[in-house]
Amino acid sequence: MQEVIAKFIELQKLEDEIIEAQKVLTEGPEKLAASQERLDQVTSAHDEVAAGLKEARAKLKELELDLLSLKELMDGNHARSTRATGERSYRAVLDELEIIKKRMAENEDGTLEFMEKQDSLKAALPAAEELLKEAQETHAALAREVNADMERAGAAIDVRRASIDAMLATIDPAAAERFVASARAHGGRAMAAVTGGTCQVCRLRIPPQLYNELQSHSKIMTCPSCARIMHFVAPQPKAEEPPKEKKARKPRRSAEG
Ligand SMILES: [Zn+2]
């Protein structure tokens, strides 16, 4: 039975490697999603600057056209003022002139505002473009790396599953089935090392009689608490601490002196 247990331990190593590889397969898409999220943020920050700049340019164009038509109105108004007869019509021309002047002043304010906006966005655009380029490159590099890791992990899992099947075929079918069942029940962690009388997975103190039996390797035994197949691992002898050098202590002065 000791031989079967030894094979179980080998099988467990393969299962552990599969668990590690599966972690890569689980974490890969998470890493990609996080990276994509960062890229999306940088992209939208860039797009905001670019869109703002486009809007400022369009607004300035609009103000420019508006100014032209105001100037035309102003010219027409001048022409009418020279032809105006009577106070009422002259007053009307003057009122209209005031309105045009007001609109021109507003146009000037708007033009200044959007020119400033345009200038600051123009200044910010190269940095935003640079950041976007960097983020795109970083994301592409990460995606290549993650995809390669996942491909390797997938292949590693296939190889190990094949090794497990081959090894299981060399074990008594009933014993093999116990390993398979325990692995299935515990997410691949079929075995529990027992050291110093304690299950290293669930920390249960194994009853002494059971512990003695376990050390005899006479049969397949499962932990009474976590139900994994137990295997005995001799406690590591504690690393001996180097003997402390006894230093001659300086005589302490007493408080009284
Ligand atoms: Zn246990």
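Q: A helix is a DSSP run of H or I with at least four residues, numbered from the N terminus; in which helix is the place of Glu177?
A: In this predicted model, Glu177 sits in helix H3.

Q: Why is Glu177 called exposed?
A: A residue is exposed if 12 or fewer other C-beta atoms lie within 10 Å of its own. Glu177 has 12 of them within 10 Å, so Glu177 counts as exposed.

Q: How many residues apart along the chain are Glu177 and Ala79, and what separates their C-alpha atoms?
A: Glu177 and Ala79 are 98 residues apart along the chain, and their C-alpha atoms are separated by 106 Å.

Q: Where is Gly187, and what makes it exposed?
A: Gly187 lies in the loop between H3 and S1. The cut-off for exposed is 12 or fewer neighbours, and Gly187 has 10 C-beta neighbours inside 10 Å, so the label applies. From C-alpha to C-alpha, Gly187 is 15 Å from Glu177, ten residues apart in sequence.

Q: How do you know that the span of helix H1 agrees with its number of residues?
A: Helix H1 covers residues 2–83, 82 residues in total. The expected span is 1.5 Å times one less than the number of residues, which gives 122 Å for H1. The end C-alpha atoms of H1 are 120 Å apart, so the two values agree.

Q: Where does H1 bend, and which proline follows?
A: H1 bends by about 30° at Glu27, and Pro29 follows within four residues.

Q: Which residues of H1 are buried, and what do they pack against?
A: The buried residues of H1 include Ile5, Phe8, Leu11, Ile18, Val49 and Leu63. Polar names also appear there, among them Gln12, Glu15 and His46. The partners of the buried residues of H1 are helix H2 (87–168), helix H3 (173–185), strand S1 (191–195) and strand S3 (229–232).

Q: What are the helices and strands of the protein chain, and in which pattern do they follow?
A: The chain has four helices and three strands, and along the sequence the pattern reads α-α-α-β-β-α-β.

Q: Why is the protein chain called more spread out than a compact globule?
A: For 257 residues the globule rule gives 18 Å, whereas the radius of gyration is 41 Å, well over that value; therefore the chain is more spread out than a compact globule. Its C-alpha atoms fill a box of roughly 125 × 80 × 30 Å along the principal axes. Of the 257 residues, 12% count as buried.

Q: What makes up the largest nonpolar core?
A: This core has 16 residues, and those touching the most other members are Phe8, Phe179, Ala190, Met191, Ala192, Ile229 and Met230. H1, H3, S1 and S3 each give two or more residues to this core. Leaving aside residues up to four places away in sequence, Phe8 touches Phe179, Met191, Ile229 and His231.

Q: What is the order of the strands in the sheet, and why are S2 and S3 called edge strands?
A: The sheet is open, with three strands in the order S2-S1-S3 and mixed pairing. Strand S2 (198–199) and S3 each pair on one side only, and these are the edge strands.

Q: How do you know that S1 pairs with both S2 and S3?
A: Two strands pair if DSSP finds at least two bridges between them. S1 and S2 have two bridges, in the antiparallel sense, so the cut-off is met. S1 and S3 run parallel and are joined by four bridges, so that pair also meets the cut-off.

Q: Which residues stand opposite each other in the sheet?
A: Toward S2, Thr195 has Thr198 as its bridge partner, and Val194 stands opposite Cys199. Toward S3, Ala193 stands opposite His231.

Q: How many residues lie between S1 and S2 in their hairpin, and what is the phi of Gly196?
A: Two residues lie between S1 and S2, and Gly196 in the turn has a positive phi of about 60°.

Q: Which loops hold Arg203 and Ala227, and what is the phi of each?
A: Arg203 is in the loop between S2 and helix H4 (208–215), with phi near 65°. Ala227 is in the loop between H4 and S3, and its phi is near 65°. Each value is positive in a residue other than glycine.

Q: Why is Arg203 called exposed and Ala227 partly exposed?
A: Arg203 has 9 other C-beta atoms within 10 Å; exposed requires 12 or fewer, so Arg203 is exposed. Ala227 has 15; buried requires 20 or more, and partly exposed lies in between, so Ala227 is partly exposed.

Notes. Residues are numbered from 1 along each chain as its sequence is written. This is a predicted model: local features need pLDDT of at least 70, side-chain atom pairs count only at pLDDT 80 or more; totals for chains, interfaces and linings use all residues. The bend at a residue is the angle between axes fitted to the seven residues ending there and the seven starting there. Two residues are in contact if their C-beta atoms, placed from the backbone, lie within 7 Å. The radius of gyration is taken over C-alpha atoms; the globule rule is 2.2 Å times the number of residues to the power 0.38. A nonpolar core is a set of buried Ala, Val, Leu, Ile, Met, Phe, Trp, Tyr and Cys residues joined through C-beta atoms within 7 Å.
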